[in-house]
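This report is written for a reader meeting the structure for the first time. It begins with the interior and then turns to the overall form, the domains and the contact between the chains.

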Amino acid sequence: MRRVLLVLLAGLLAFGVFAVAQEAVSIHFLHAMKAKHSVYIDELVAQFMAEYPYITVTTEYGGSYGDVEQKINAGIVAGNPATVTQLYENAITPIAEALVPIEDSLTQAEIDDIIPGLRDSATVNGKMYSVPWNKSIMILYYRKDLVPEPPTTWTEFFLMCQELTVDLDGDEAIDRWGTCFRPYNPEIFLNFLHQAGGTLLNEDWTEATVNDDRGFLAMDYVASLLPYALVGSDYESDMLAANQIVMFVSTSAGASYNISAAETVGAELGFALAPQGPATDGTMIQGTNLCVTEKGQTQAQIDAGILFVRFMLRAENMAYWAVQSNYLPSTYAAYESQVWKDAVAADPKKAVMADAMKVGFGPLNHPAYSDFRYHMTTRWEEVILGAKSAQDALDELAQDFAQYL
Amino acid sequence: MKALDWLRQPRMPEPWRDPNYWKETGWAYVYLAPSLIILGLFVFYPFFSAFGLSLFKWSTVRPPGTYIGFANYRYIFNDTYFWRALAHTFIYVGISVPATLLVALLAASLLNKPLRFLSGARMSYFLAYITPVVAVSMVWRWMYNWQYGLLNHILGYFNVDLINWLGDPKWAMPALIIFSIWRYVGYEAIILLAGLQNIDKMYYDAAKVDGASGFQVWRKVTVPLLTPQIFFVFVISLIGSFKVFTEVHILFGGSSGPLRAAETLVYYIMSEGPLGGRWHMGRAAAASVVLFAIIFAFTLFQMTVTQKRVHYQ
């Protein structure tokens with residue numbers, strides 16, 4: 001009799017634990033993906049909810065990355081942010097205290113599977129607070145009708161830009177430039193800086209090194225390209241569609257827009273690794289990470305949020321998302337998946353992007369990076385608009401940085 | 001002796017002794033309550049809150065952060081870009097407010113004439129104001145395009161070289177001012193037109209009898225009798241112009257123009273705050289308090305000095 005009672009009691013306890021674990025929970029996923037991409041998010045969310053029927057995920061398009069960042073910050077202040085969200089690493093660092101240190105909830109295999117550079121840029125005070133999700137990389141776009149073989153070094157790129165900058169209608173004014181620079185896009189300078197072997201700060205972040213010899217080499221190279229570069233705030237795709245530029249280094253996320261733009265002038269677009277600088281050919285990896293907020297969430301919501309992020313990190317889901325959205329996987333397993341391999345076989349430009357990822361570098365994960373970027377934008381613009389020399393602009397940039405170190 | 005004359009005056013009955021006084025006052029406050037509550041919540045509380053915030057180094061995780069006294073004020077007063085933004089704002093206000101008013105005055109005078117298609121003309125003036133600013137800014141962005149824009153196309157007929165309106169630091173502020181005049185002239189013209197239509201015809205008849213010319217009538221009769229509306233429009237547009245932001249943000253594609261040539265004070269506030277993810281809310285609040293002080297001083301000046309020249313009848 002006692003044994004029967006014990007079995008019944010154990011059964012009841014097990015049922016109770018199961019019932020608690022299965023308690024319905026709702027989480028809110030705030031993202032910045034427009035309708036074209038949010039369709040695939042909804043598909044993945046539907047799969048997640050089928051696997052975890054007690055979790056309801058409400059997805060919301062929150063506008064641009066900046067809008068989502070503002071909403072999350074406002075939500076944290078008000079005590080009710082979305083459970084899962086999509087933010088740049090440098091937007092995550094200042095609010096890390098309000099987020100779940102997700103590294104504690106990942107298996108070692110999951111952590112090791114993330115590309116190391118991306119893991120580093122997701123790490124705050126020694127722990128990952130987010131996982132890389134929609135990543136893109138800077139690559140070289142070029143018009144195949146005008147550039148039979150893409151340039152592979154800075155020197156080749158310079159010489160080709162010189163040759164490709166032309167007056168098409170004989171009015172002694174340039175109509176088509178070899179390349180272009182946009183004032184509000186200082187990331188392109190970070191590419192040159194990295195390729196020249198330079199960094200923004202020294203290793204322990206106590207001193208600005210952006211104005212050293214390598215920094216000057218990078219900015220001086222930019223200045224030397226200015227006669228052959230169209231400087232304007234329009235998107236590269238608009239300049240391409242207007243037959244104003246031939247090649248440029250930009251994010252792989254804009255590939256579909258750039259392909260369409262080239263088609264409007266009857267050209268086929270080529271893709272290649274960015275021309276190699278004196279130190280390396282690595283370019284900047286951009287894009288956002290997924291994170292789970294701790295503030296304003298119940299434990300059940302936090303657990304559900306972590307499950308959701310881990311689900312998105314799975315190789316098959318990461319590969320599916322990358323193939324559909326034209327972003328790049330951030331885990332080794334996703335690159336090894338059949339979904340990704342099939343996609344690369346069908347679309348060779350994905351192979352170029354994947355190769356670029358292998359040598360890519362992430363953004364500096366300093367708490368004041370947004371300030372650094374703000375000052376970089378100002379100084380970068382001063383150089384490309386010819387308002388300041390490369391050295392003056394870099395010296396002033398180093399002074400700007402000093403106030404945050 | 002004269003100084004004490006008031007003592008000999010019969011004393012006025014004290015209003016609060018009247019039993020109806022408290023009743024009427026009570027009802028007055030009941031009627032005022034909705035607007036007082038809204039103003040309190042959305043104007044007074046944010047203002048005092050902003051002043052408080054300006055004394056802190058902001059933290060999103062632990063708002064409002066660390067108390068740092070007037071360090072945010074010291075920072076902005078030592079920031080070259082703050083002073084540049086202030087100078088840009090004064091240039092913008094100093095040119096766009098009087099220019100818009102002048103054009104609106106001329107437009108209102110024209111719209112007051114018995115013209116054909118008058119209602120259509122009045123509507124077309126007002127259309128610019130009621131269309132959302134983001135939409136019209138986008139249209140003007142295209143009109144200002146240096147290669148394909150309508151403006152350069154028209155100027156081309158007069159052999160004017162292509163002007164890089166939005167890409168050349170020299171032209172950024174003029175581009176903003178021209179757009180602003182176009183946008184607000186209709187609104188101001190409609191208010192002035194209402195004032196014009198309220199001027200008694202007898203003044204014009206009298207001026208005609210005295211042999212005044214058309215311009216003399218406009219200068220000596222129309223403008224003085226229109227001063228209440230001019231004053232109102234002046235104050236409103238001055239306050240509004242100090243707060244210009246959206247036009248800049250959209251016109252220059254999410255920036256403050258080439259080399260920050262059209263960075264106004266509100267744009268500076270936004271760029272220190274949430275715009276670009278910098279979140280220096282304390283600095284932004286400090287700059288907001290400075291902006292408030294400037295607008296307050298100007299409004300006070302207008303109320304005390306300019307109003308003496310306003311003729312209500």
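How many residues has the largest nonpolar core, and which of them have the most contacts inside it? In this predicted model, the largest nonpolar core has 113 residues, and those with the most contacts inside it are A:Val131, A:Ile139, A:Leu140, A:Phe189 and A:Ala322. Strand S6 (residues 131-143) of chain A gives the largest share of this core, 8 residues, while at least three residues are drawn from each of domain 1 (19-135 + 287-358) and domain 2 (137-285 + 364-402) of chain A. If neighbours within four places in sequence are left aside, A:Val131 is in contact with A:Ile102, A:Ile114, A:Ala122, A:Asn289, A:Leu290, A:Val309 and A:Leu313. Another core, of 58 residues, lies apart from the one just described, and among its members are B:Ile76, B:Phe242, B:Leu265 and B:Ala285.

**Overall form of chain A**

Chain A contains 18 helices and 11 strands, and its C-alpha trace spans about 100 × 50 × 35 Å along the principal axes. Because a compact globule with 405 residues would have a radius of gyration near 22 Å, the 24 Å of chain A agrees with that expectation. Of the 405 residues in chain A, 47% are buried, and among the contacts with a separation of 6 or more, 72% are made by residues 24 or more positions apart.

One place away from the interior is A:Thr206, found in the loop between helix H8 (187-195) and helix H9 (213-225) of chain A. Is A:Thr206 buried or exposed? A:Thr206 has 8 other C-beta atoms within 10 Å and is therefore exposed. From C-alpha to C-alpha, A:Thr206 and A:Tyr404 are 9.4 Å apart in space, although 198 residues separate them in sequence.

**The two domains of chain A**

The domain assignment divides chain A into domain 1 (19-135 + 287-358) and domain 2 (137-285 + 364-402), whose C-alpha centres lie 30 Å apart. Their contact takes 20 residues from domain 1 of chain A and 15 residues from domain 2 of chain A. On the side of domain 1 that touches domain 2, helix H4 (89-92), helix H6 (116-121), strand S4 (123-124) and helix H16 (348-358) of chain A each supply at least two residues, and H16(A) provides the largest share, 6 residues.

**The contact between the chains**

The contact between the two chains takes 23 residues from chain A and 14 residues from chain B. Helix H3 (65-78) and helix H17 (369-384) of chain A each supply at least two residues of the side of chain A that touches chain B. The table lists the residue classes of this side and of the side of domain 1 that faces domain 2.

| Contact side | Nonpolar | Polar | Charged |
|---|---|---|---|
| Chain A, touching chain B | 11 residues | 7 residues | 5 residues |
| Domain 1 of chain A, touching domain 2 of chain A | 9 residues | 7 residues | 4 residues |

**Confidence**

The model scores ipTM 0.85 and pTM 0.86. In chain B the mean pLDDT is 89, and 93% of the residues reach 70 or more. Among the elements of chain B, the lowest mean pLDDT, 62, belongs to helix H1 (residues 5-8) of chain B, and the highest, 97, to helix H3 (residues 71-77) of chain B.

Methods. Residues numbered from 1 in each chain as written. Chains lettered and ligands numbered in written order. Predicted model: local features only at pLDDT ≥ 70, side-chain atom pairs only at ≥ 80, totals over all residues. Helix = DSSP H or I, 4+ residues; strand = E, 2+ residues; numbered from the N terminus. Rg over C-alpha atoms; globule rule 2.2 N^0.38 Å. Buried ≥ 20, exposed ≤ 12 C-beta atoms within 10 Å, placed from the backbone. Contact = placed C-beta atoms within 7 Å. pLDDT = per-residue confidence, 0-100. Nonpolar A, V, L, I, M, F, W, Y, C, P; charged D, E, K, R; others polar. Domains from an automatic or database assignment. Core = buried A, V, L, I, M, F, W, Y, C linked by C-beta atoms within 7 Å.
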